[in-house]
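Here is a friendly walk through the inside of a protein model, from its cysteines to its cores and cavities. Have the viewer open as you read.

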Amino acid sequence: MTDSRAPDGTSPDGTAPNGPAPVRPLQVETHGLDVIGDTERKGTPRTLFWLWFGANVSILGMSYGAFALGFGISFWQALTAGVVGIVFSFLLCGFVAVAGKRGSAPTMVLSRAAYGVRGNRLPAVVSWLLTVGWETVLCALATMATATVFGRLGTGGGTGTEVVALVLVASLVVVVGVTGFDLIMRLQTVITVVTGVLTVVYVALVADHVHWSAVAAVPAGSAQEFIGALVFLMTGFGLGWVNAAADYSRYLPRDSSGRGVVGWTTFGASLAPLLLLVFGLLLAGSSADLNEAVAADPIGALTTLLPTWFLVPFAAVAVLGLVGGAVLDIYSSGLALLAAGLRVPRPLAALVDGVLMIAGAVYIVFLADDFLGPFIGFLTTLGVPVAAWCGVMLADLLLRRRDYAEADLFRPDGRYGDIPPGPLLLTVAATALGWGLVTNSAAGWLDWQGYLLGPFGLGGRSGDWAYANLGVLIALATGFLGTLLLARGRVRAQEARS
């Protein structure tokens with residue numbers, strides 16, 4: 001197997017020169033940024049279905065129905081935006097996952113082929129911020145949902161319940177994330193089955209709250225509002241995962257089908273969100289009060305439709321679904337932190353991120369007055385540089401005809417270089433262009449965004465295009481097309497080296 005050690009003879013994550021011992025089930029995984037050896041590769045592309053379905057089967061998917069209608073569009077517009085945004089964004093994840101099969105390393109290590117060994121630290125930091133932010137949001141939502149359920153049961157629901165719920169949820173996420181891949185795969189299979197069954201029961205219990213006449217009466221919105229919802233759904237689903245998509249496919253055998261990796265990743269990740277979004281749209285379109293309540297407590301608001309006897313099972317399905325996403329985020333955020341330059345073992349990096357997750361969840365649960373506004377602002381602001389990186393990564397992968405030279409992913413003097421200026425400048429330019437075409441009213445310190453809406457004739461920060469968030473799409477396209485045009489010679493020169 002190709003040697004993946006750093007020039008000083010140590011493994012990239014600081015372990016002994018001979019690499020970590022093979023991981024046994026339910027032991028703490030010692031793999032960090034190192035390449036997975038052939039003897040430890042296992043499974044088939046089909047196993048990715050359970051991983052991605054379990055990470056995206058959260059009841060939060062129903063709340064996105066209310067979020068989408070909040071853009072001022074009709075049911076059919078929101079449904080179209082959801083189908084296109086969810087499937088397309090997870091298809092991007094499927095393509096990135098192919099890199100994991102071809103290179104056997106985490107996503108933010110494979111990204112070094114495009115950005116250079118140390119130049120890749122910039123996108124690694126952005127990836128780390130995104131994954132830490134997502135795990136924080138999911139942990140906070142699980143805490144709020146638990147408190148709401150116990151409040152309805154009359155056995156709590158106040159600050160004390162929120163504290164206990166936060167401790168339990170955060171402990172589960174941190175333990176699984178620190179333990180690593182094998183426990184994550186087992187947990188995701190359990191989450192898939194349990195949440196899938198209980199979600200079907202939830203839908204059956206609240207189906208009589210759907211009133212098609214009210215849903216059909218929701219007026220249609222403008223093209224700009226439709227695009228805004230489309231971009232929001234893209235950033236809320238697949239674009240929130242692209243920077244981690246290869247972290248799990250790297251364990252597949254090298255001869256696994258690339259089409260299978262793309263197909264099972266896209267299918268597994270898209271299936272639950274699509275079904276949940278449709279039902280969420282029907283519920284939110286049937287009740288203006290529910291639509292408004294979801295903005296304050298996206299999961300807890302859905303309990304108001306349930307009979308008392310199903311509240312505890314609902315809490316289980318809500319928490320497990322959110323935990324399923326959070327454990328993947330904390331695992332990948334630890335890897336991104338290592339890729340950003342921190343030289344500690346992977347479990348310690350995941351633990352550091354767990355501490356930050358808890359601190360952020362405390363702020364959201366106990367201090368923040370609004371959830372939806374900051375959430376949209378978070379997705380939009382980080383969605384722009386992540387989209388730019390995704391465009392560069394996908395174009396770089398498309399240009400390559402050979403598998404990665406794994407050893408050179410860890411050598412600044414190798415074929416991929418140290419800090420090549422081209423990809424970094426392209427990403428910065430795409431991000432600057434993207435931020436100029438989005439707006440963020442949730443945080444005053446971000447009101448500088450949207451500075452190109454006026455010069456480009458789009459009506460400025462208060463015009464019709466202000467909340468279309470075109471910048472995310474522009475950043476993605478700029479990164480992709482710019483790399484196809486400018487990096488072809490560089491990639492050919494890399495692959496020509498022996």
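Cys93 is buried, at a relative accessible area of 0%, where buried means under 20% relative accessible area with a 1.4 Å probe and protein chains only. Before going further, please note that this is a predicted model, in which local features need pLDDT of at least 70 and side-chain atom pairs count only at pLDDT 80 or more, while totals for chains, interfaces and linings use all residues. Residues are numbered from 1 along each chain as its sequence is written, and side-chain values use heavy atoms, with hydrogens and water left out.

**Cysteines and backbone**

A search of the whole structure turns up zero disulfides, a disulfide being a pair of cysteine sulfur atoms within 2.5 Å. For Cys93, the nearest cysteine sulfur belongs to Cys390 and is 7.5 Å away. Cys139 is buried too, with a relative accessible area of 1%.

Two residues other than glycine have a positive phi. Helices here are DSSP runs (H or I, at least four residues), numbered from the N terminus.

| Residue | Phi | Loop between | Relative accessible area |
|---|---|---|---|
| Ser104 | about 65° | helix 3 (75-103) and helix 4 (107-110) | 0% |
| Asn469 | near 55° | helix 17 (421-435) and helix 18 (470-486) | 5% |

**Nonpolar cores**

A nonpolar core is a set of buried Ala, Val, Leu, Ile, Met, Phe, Trp, Tyr and Cys residues joined through side-chain atoms within 4.5 Å. The largest one holds 162 residues, and those touching the most other members include Tyr64, Tyr202 and Phe314. Helix 14 (residues 311-339) provides the largest share of this core, 18 residues. Another core, of five residues, lies apart from it, with Leu399 and Val491 among them.

What does Tyr202 contact, leaving aside its neighbours within four places in sequence? Its partners (heavy atoms within 4.5 Å) include Met62, Leu283, Phe310 and Phe314.

**Cavities**

On a 1 Å grid over the protein atoms alone, a cavity is a set of points where a 1.4 Å probe fits but cannot get out, and lining residues have an atom within 4 Å of a point. Grid points are joined across faces, edges and corners, and a volume is the space filled by probe spheres set on the points. The count comes to four cavities of 30 Å³ or more. The largest cavity encloses about 190 Å³, and among its 16 lining residues, Ala55, Asn56, Trp134, Gly236 and Trp241 are the closest to its centre. Helix 14 gives the most to this lining, with four residues.

Definitions and conventions:
Buried means under 20% relative accessible area, exposed over 50%, partly exposed in between (1.4 Å probe, protein chains only). Helices (H or I, at least four residues) and strands (E, at least two) are DSSP runs, numbered from the N terminus. On a 1 Å grid over the protein atoms alone, a cavity is a set of points where a 1.4 Å probe fits but cannot get out, and a pocket is an open set with protein on both sides within 12 Å along at least five of seven lines; lining residues have an atom within 4 Å of a point.
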